[in-house]
2 protein chains.
Amino acid sequence: MYTPAEVVEETGFSIDTLRYYEKIGLLERIGRNAAGQRRFSQEDVGWLGMVRCLRDTGMPIATMLRFAELVRAGDHTIPDRIKLLEEHDRQVQAQIDNLAERQRYIHHKISYYRSVL
Amino acid sequence: MYTPAEVVEETGFSIDTLRYYEKIGLLERIGRNAAGQRRFSQEDVGWLGMVRCLRDTGMPIATMLRFAELVRAGDHTIPDRIKLLEEHDRQVQAQIDNLAERQRYIHHKISYYRSVL
DNA sequence: GGTTGACCTGGAGTGCACTCCGGGTGGGAT
DNA sequence: ATCCCACCCGGAGTGCACTCCAGGTCAACC
(Lines give C-alpha, C1' and ligand atoms only; values in the text may rest on other atoms or scores of the structure.)
Protein backbone atom coordinates (compact mmCIF):
# COMPACT_ATOMS: atom_id res chain seq x y z
CA MET A 1 0.00 0.00 0.00
CA TYR A 2 1.21 3.46 -0.94
CA THR A 3 0.32 6.83 0.57
CA PRO A 4 -0.61 9.68 -1.79
CA ALA A 5 2.83 11.24 -1.30
CA GLU A 6 4.52 8.00 -2.33
CA VAL A 7 2.40 7.73 -5.46
CA VAL A 8 3.18 11.33 -6.37
CA GLU A 9 6.86 10.44 -6.03
CA GLU A 10 6.50 7.21 -8.02
CA THR A 11 4.31 8.38 -10.85
CA GLY A 12 5.03 12.06 -11.22
CA PHE A 13 1.33 12.91 -11.12
CA SER A 14 0.36 15.64 -8.66
CA ILE A 15 -2.00 14.76 -5.88
CA ASP A 16 -4.61 17.03 -7.43
CA THR A 17 -4.29 15.15 -10.70
CA LEU A 18 -4.65 11.85 -8.86
CA ARG A 19 -7.81 13.06 -7.16
CA TYR A 20 -9.07 14.39 -10.46
CA TYR A 21 -8.41 11.07 -12.21
CA GLU A 22 -10.30 9.27 -9.48
CA LYS A 23 -13.19 11.72 -9.68
CA ILE A 24 -13.65 11.24 -13.43
CA GLY A 25 -13.28 7.47 -13.18
CA LEU A 26 -9.89 7.05 -14.81
CA LEU A 27 -8.85 5.50 -11.51
CA GLU A 28 -11.24 3.18 -9.82
CA ARG A 29 -12.25 4.28 -6.31
CA ILE A 30 -8.99 4.08 -4.40
CA GLY A 31 -8.94 2.23 -1.06
CA ARG A 32 -8.98 4.23 2.18
CA ASN A 33 -7.57 3.76 5.64
CA ALA A 34 -9.65 4.20 8.80
CA ALA A 35 -9.26 7.98 8.60
CA GLY A 36 -10.51 8.11 5.01
CA GLN A 37 -7.08 8.75 3.53
CA ARG A 38 -6.20 7.10 0.22
CA ARG A 39 -4.01 4.03 0.17
CA PHE A 40 -2.99 3.02 -3.34
CA SER A 41 -2.43 -0.63 -4.16
CA GLN A 42 0.39 -2.01 -6.29
CA GLU A 43 -2.19 -2.49 -9.02
CA ASP A 44 -3.28 1.17 -8.84
CA VAL A 45 0.33 2.24 -9.26
CA GLY A 46 0.77 -0.13 -12.19
CA TRP A 47 -2.31 1.24 -13.88
CA LEU A 48 -0.99 4.77 -13.33
CA GLY A 49 2.10 3.71 -15.27
CA MET A 50 -0.12 2.85 -18.20
CA VAL A 51 -2.02 6.13 -17.81
CA ARG A 52 1.27 8.03 -17.83
CA CYS A 53 2.28 6.29 -21.04
CA LEU A 54 -1.01 6.96 -22.79
CA ARG A 55 -1.22 10.54 -21.58
CA ASP A 56 2.36 11.32 -22.59
CA THR A 57 1.70 9.99 -26.06
CA GLY A 58 -1.22 12.37 -26.43
CA MET A 59 -4.21 10.14 -25.82
CA PRO A 60 -7.21 12.26 -24.81
CA ILE A 61 -8.73 11.53 -21.42
CA ALA A 62 -12.00 10.42 -23.05
CA THR A 63 -10.12 7.64 -24.84
CA MET A 64 -8.20 6.62 -21.73
CA LEU A 65 -11.56 6.40 -20.04
CA ARG A 66 -12.82 3.99 -22.69
CA PHE A 67 -9.68 1.92 -22.23
CA ALA A 68 -10.16 1.94 -18.44
CA GLU A 69 -13.69 0.68 -18.90
CA LEU A 70 -12.48 -2.15 -21.13
CA VAL A 71 -9.93 -3.14 -18.49
CA ARG A 72 -12.60 -3.16 -15.80
CA ALA A 73 -15.02 -5.12 -17.94
CA GLY A 74 -12.80 -8.20 -17.81
CA ASP A 75 -10.66 -10.41 -19.98
CA HIS A 76 -13.16 -10.79 -22.78
CA THR A 77 -12.39 -7.21 -23.80
CA ILE A 78 -8.74 -7.98 -24.57
CA PRO A 79 -9.29 -8.01 -28.34
CA ASP A 80 -10.88 -4.56 -28.06
CA ARG A 81 -8.00 -3.32 -25.94
CA ILE A 82 -5.57 -4.56 -28.58
CA LYS A 83 -7.53 -2.70 -31.27
CA LEU A 84 -7.52 0.47 -29.21
CA LEU A 85 -3.80 0.27 -28.50
CA GLU A 86 -2.99 -0.55 -32.11
CA GLU A 87 -4.93 2.46 -33.28
CA HIS A 88 -3.14 4.59 -30.72
CA ASP A 89 0.17 3.13 -31.80
CA ARG A 90 -0.54 4.31 -35.34
CA GLN A 91 -1.23 7.78 -34.03
CA VAL A 92 1.98 7.78 -32.04
CA GLN A 93 3.87 6.72 -35.15
CA ALA A 94 2.20 9.52 -37.09
CA GLN A 95 3.29 11.99 -34.43
CA ILE A 96 6.87 10.74 -34.59
CA ASP A 97 6.93 10.91 -38.38
CA ASN A 98 5.42 14.36 -38.37
CA LEU A 99 7.90 15.65 -35.81
CA ALA A 100 10.81 14.20 -37.75
CA GLU A 101 9.54 15.87 -40.92
CA ARG A 102 9.12 19.24 -39.23
CA GLN A 103 12.52 18.85 -37.63
CA ARG A 104 14.06 18.68 -41.07
CA TYR A 105 12.53 22.05 -41.85
CA ILE A 106 13.98 23.47 -38.64
CA HIS A 107 17.39 22.07 -39.55
CA HIS A 108 17.18 23.69 -42.97
CA LYS A 109 16.26 26.99 -41.40
CA ILE A 110 19.17 26.80 -39.00
CA SER A 111 21.53 25.97 -41.88
CA TYR A 112 20.19 28.88 -43.84
CA TYR A 113 20.69 31.25 -40.94
CA ARG A 114 24.24 29.94 -40.49
CA SER A 115 24.91 30.48 -44.17
CA VAL A 116 23.98 34.16 -44.05
CA LEU A 117 26.12 34.99 -41.05
CA MET B 1 -1.31 38.75 -53.08
CA TYR B 2 -3.58 36.15 -51.50
CA THR B 3 -7.14 36.48 -50.23
CA PRO B 4 -7.95 35.07 -46.79
CA ALA B 5 -9.66 32.06 -48.40
CA GLU B 6 -6.53 31.30 -50.41
CA VAL B 7 -4.34 31.48 -47.35
CA VAL B 8 -6.71 29.18 -45.46
CA GLU B 9 -6.36 26.73 -48.33
CA GLU B 10 -2.57 27.11 -48.51
CA THR B 11 -1.70 27.02 -44.84
CA GLY B 12 -4.46 25.00 -43.21
CA PHE B 13 -5.03 27.70 -40.61
CA SER B 14 -8.64 28.81 -40.19
CA ILE B 15 -9.53 32.40 -40.91
CA ASP B 16 -10.28 32.90 -37.25
CA THR B 17 -6.83 31.62 -36.36
CA LEU B 18 -5.28 33.95 -38.90
CA ARG B 19 -7.15 36.92 -37.44
CA TYR B 20 -6.16 35.79 -33.97
CA TYR B 21 -2.49 35.52 -34.94
CA GLU B 22 -2.61 39.00 -36.38
CA LYS B 23 -4.32 40.36 -33.29
CA ILE B 24 -1.67 39.00 -30.92
CA GLY B 25 1.17 40.09 -33.18
CA LEU B 26 2.35 36.73 -34.45
CA LEU B 27 1.54 38.11 -37.88
CA GLU B 28 2.51 41.64 -38.62
CA ARG B 29 -0.43 43.84 -39.62
CA ILE B 30 -1.55 42.29 -42.89
CA GLY B 31 -2.07 44.56 -45.92
CA ARG B 32 -5.60 45.57 -46.90
CA ASN B 33 -7.37 46.35 -50.13
CA ALA B 34 -9.54 49.45 -50.59
CA ALA B 35 -12.44 47.77 -48.80
CA GLY B 36 -10.33 46.90 -45.78
CA GLN B 37 -10.10 43.21 -46.62
CA ARG B 38 -6.85 41.39 -45.94
CA ARG B 39 -4.47 40.67 -48.76
CA PHE B 40 -1.60 38.42 -47.71
CA SER B 41 1.79 38.79 -49.37
CA GLN B 42 4.03 35.93 -50.45
CA GLU B 43 6.16 36.78 -47.44
CA ASP B 44 3.18 36.50 -45.09
CA VAL B 45 2.41 33.05 -46.47
CA GLY B 46 6.05 32.02 -46.10
CA TRP B 47 6.10 33.14 -42.50
CA LEU B 48 2.89 31.18 -41.89
CA GLY B 49 4.76 28.10 -43.09
CA MET B 50 7.30 28.69 -40.35
CA VAL B 51 4.54 29.26 -37.82
CA ARG B 52 2.89 26.01 -38.86
CA CYS B 53 6.16 24.17 -38.36
CA LEU B 54 6.81 25.67 -34.94
CA ARG B 55 3.24 25.23 -33.78
CA ASP B 56 3.07 21.62 -34.94
CA THR B 57 6.25 20.85 -33.06
CA GLY B 58 4.72 22.17 -29.87
CA MET B 59 6.25 25.59 -29.54
CA PRO B 60 4.06 27.78 -27.29
CA ILE B 61 2.68 30.94 -28.83
CA ALA B 62 4.68 33.09 -26.40
CA THR B 63 7.91 31.63 -27.81
CA MET B 64 6.77 32.02 -31.40
CA LEU B 65 6.07 35.62 -30.52
CA ARG B 66 9.64 36.09 -29.33
CA PHE B 67 10.88 34.54 -32.54
CA ALA B 68 8.61 36.83 -34.58
CA GLU B 69 10.04 39.83 -32.79
CA LEU B 70 13.58 38.70 -33.55
CA VAL B 71 12.68 38.33 -37.21
CA ARG B 72 11.18 41.82 -37.27
CA ALA B 73 14.14 43.33 -35.46
CA GLY B 74 16.43 42.66 -38.40
CA ASP B 75 19.41 40.62 -39.47
CA HIS B 76 21.50 41.33 -36.40
CA THR B 77 19.23 38.98 -34.46
CA ILE B 78 20.13 35.97 -36.59
CA PRO B 79 22.46 34.51 -33.94
CA ASP B 80 19.60 34.76 -31.43
CA ARG B 81 17.22 33.12 -33.87
CA ILE B 82 19.69 30.27 -34.34
CA LYS B 83 19.91 29.85 -30.58
CA LEU B 84 16.15 29.80 -30.26
CA LEU B 85 15.72 27.27 -33.06
CA GLU B 86 18.51 25.08 -31.72
CA GLU B 87 16.89 25.03 -28.33
CA HIS B 88 13.59 24.17 -29.93
CA ASP B 89 15.26 21.47 -32.02
CA ARG B 90 16.48 19.87 -28.80
CA GLN B 91 12.96 19.90 -27.45
CA VAL B 92 11.62 18.36 -30.64
CA GLN B 93 14.27 15.65 -30.41
CA ALA B 94 13.29 15.03 -26.79
CA GLN B 95 9.67 14.67 -27.85
CA ILE B 96 10.60 12.18 -30.55
CA ASP B 97 12.77 10.17 -28.15
CA ASN B 98 10.08 10.20 -25.52
CA LEU B 99 7.39 9.08 -27.96
CA ALA B 100 9.61 6.28 -29.25
CA GLU B 101 10.26 5.14 -25.69
CA ARG B 102 6.58 5.17 -24.77
CA GLN B 103 5.77 3.40 -28.01
CA ARG B 104 7.95 0.51 -26.92
CA TYR B 105 5.80 0.20 -23.80
CA ILE B 106 2.66 0.15 -25.94
CA HIS B 107 4.18 -2.55 -28.14
CA HIS B 108 5.00 -4.63 -25.08
CA LYS B 109 1.46 -4.23 -23.82
CA ILE B 110 0.01 -5.30 -27.16
CA SER B 111 2.34 -8.32 -27.22
CA TYR B 112 1.28 -9.22 -23.72
CA TYR B 113 -2.39 -8.97 -24.60
CA ARG B 114 -1.77 -11.14 -27.68
CA SER B 115 0.01 -13.71 -25.54
CA VAL B 116 -2.94 -14.16 -23.19
CA LEU B 117 -5.53 -14.64 -25.90
C1' DG C 1 -0.79 17.60 24.83
C1' DG C 2 0.37 20.88 21.41
C1' DT C 3 1.92 21.79 16.91
C1' DT C 4 2.89 20.56 12.40
C1' DG C 5 1.88 18.68 8.27
C1' DA C 6 -0.28 15.27 5.29
C1' DC C 7 -4.55 14.44 4.01
C1' DC C 8 -9.79 15.12 3.12
C1' DT C 9 -14.00 17.44 0.37
C1' DG C 10 -16.70 20.11 -3.17
C1' DG C 11 -16.31 23.56 -6.02
C1' DA C 12 -14.25 27.52 -8.26
C1' DG C 13 -10.47 29.21 -11.07
C1' DT C 14 -6.65 28.92 -14.58
C1' DG C 15 -4.07 28.84 -19.00
C1' DC C 16 -3.79 27.85 -23.51
C1' DA C 17 -5.23 28.23 -28.09
C1' DC C 18 -8.40 28.90 -30.40
C1' DT C 19 -13.61 29.29 -32.14
C1' DC C 20 -17.95 31.33 -32.49
C1' DC C 21 -21.27 35.17 -32.63
C1' DG C 22 -23.90 39.13 -34.15
C1' DG C 23 -24.23 42.80 -36.79
C1' DG C 24 -22.48 45.12 -40.63
C1' DT C 25 -19.99 46.21 -45.50
C1' DG C 26 -18.52 45.38 -50.25
C1' DG C 27 -17.77 43.12 -54.54
C1' DG C 28 -18.75 39.95 -58.27
C1' DA C 29 -21.81 37.01 -60.90
C1' DT C 30 -26.79 36.78 -62.88
C1' DA D 1 -30.43 45.94 -59.72
C1' DT D 2 -30.12 42.20 -56.77
C1' DC D 3 -28.48 38.59 -54.41
C1' DC D 4 -25.14 36.02 -52.20
C1' DC D 5 -21.03 35.15 -50.19
C1' DA D 6 -16.57 36.53 -48.46
C1' DC D 7 -15.09 39.45 -45.54
C1' DC D 8 -14.84 42.95 -41.57
C1' DC D 9 -14.81 43.91 -36.23
C1' DG D 10 -14.85 43.46 -31.05
C1' DG D 11 -15.86 40.53 -27.79
C1' DA D 12 -17.79 36.44 -25.70
C1' DG D 13 -17.57 31.46 -25.38
C1' DT D 14 -15.40 26.76 -25.67
C1' DG D 15 -12.75 22.53 -24.51
C1' DC D 16 -9.23 20.39 -22.37
C1' DA D 17 -6.72 19.12 -18.48
C1' DC D 18 -5.73 20.28 -14.75
C1' DT D 19 -4.80 23.42 -10.37
C1' DC D 20 -6.08 26.02 -6.52
C1' DC D 21 -8.88 27.24 -2.51
C1' DA D 22 -11.25 27.27 1.97
C1' DG D 23 -12.31 24.99 5.67
C1' DG D 24 -11.82 20.90 8.08
C1' DT D 25 -9.85 16.08 10.11
C1' DC D 26 -6.15 13.00 11.80
C1' DA D 27 -1.87 11.25 13.20
C1' DA D 28 2.59 11.38 14.68
C1' DC D 29 6.57 13.43 16.58
C1' DC D 30 8.57 16.42 20.25
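**View 1. Two chains, one turn apart.** In this predicted model, a turn of 180° with a shift of 0.0 Å along the axis lays chain A on chain B with an RMSD of 0.1 Å. That is the relation of a two-fold axis. The two chains also use the same surface for each other, since 100% of the contact residues of chain A recur in chain B. If you want a landmark for the rotation axis, go to I96(A): of the residues of chain A, I96(A) comes closest, with its C-alpha at 2.9 Å.

**View 2. Where chain A meets chain B.** Here 26 residues of chain A are in contact with 26 residues of chain B. On the chain A side, helix 3 (42–56) and helix 5 each put in at least two residues. Helix 5 of chain A has the largest share of that side, with 21 residues. Sorted by class, the side of chain A that touches chain B comes out as 14 nonpolar, seven charged and five polar residues.

**View 3. The surface near DNA strand C.** There are 18 residues around DNA strand C, and those that come nearest are A5(A) and R38(A) from one chain plus A35(B), P60(B) and I61(B) from the other. Both chains supply helices to this surface: helix 1 (4–11) and helix 2 of chain A, along with helix 2 and helix 4 of chain B, each give at least two residues. Helix 2 of chain B gives the most, with three residues. The mix by class is nine nonpolar, five polar and four charged.

**View 4. The surface near DNA strand D.** Move over to DNA strand D and there are 18 residues around it, with A35(A), P60(A), I61(A), A5(B) and R38(B) coming nearest. At least two residues each come from helix 2 (15–24) and helix 4 (61–73) of chain A, and from helix 1 (4–11) and helix 2 (15–24) of chain B. This time helix 2 of chain A has the largest share, three residues. By class, the surface near DNA strand D holds nine nonpolar, five polar and four charged residues.

**View 5. Helix 3 of chain B and what covers it.** Helix 3 of chain B runs over residues 42–56, and its 15 residues reach 21 Å from the first C-alpha to the last, close to the 21 Å expected at 1.5 Å a residue. Its buried residues are D44(B), L48(B), V51(B), C53(B) and L54(B). What covers them includes a piece of the partner chain, helix 5 (78–115) of chain A, together with helix 1 and helix 4 (61–73) of chain B. After the helix comes G58(B), whose phi is positive, near 85°.

**View 6. Inside the nonpolar cores.** In soluble globular proteins, nonpolar side chains tend to be buried together. The largest nonpolar core in this model has 13 residues, and V7(B), Y21(B), L26(B), V51(B) and L54(B) are those with the most contacts inside it. Helix 2, helix 3 and helix 4 of chain B each supply at least two of its residues, and helix 3 of chain B gives the most, with four. Zoom in on V51(B) and you'll see it touching L26(B) and M64(B), leaving aside residues up to four places away in sequence. A second, separate core has twelve residues, among them V7(A), Y21(A), L26(A) and L48(A).

Conventions. Residues numbered from 1 in each chain as written. Chains lettered and ligands numbered in written order. Predicted model: local features only at pLDDT ≥ 70, side-chain atom pairs only at ≥ 80, totals over all residues. Near = placed C-beta within 6 Å. Nonpolar A, V, L, I, M, F, W, Y, C, P; charged D, E, K, R; others polar. Expected span 1.5 Å × (residues − 1). Buried ≥ 20, exposed ≤ 12 C-beta atoms within 10 Å, placed from the backbone. Contact = placed C-beta atoms within 7 Å. Least-squares fit on C-alpha atoms with pLDDT ≥ 70 in both. Core = buried A, V, L, I, M, F, W, Y, C linked by C-beta atoms within 7 Å.
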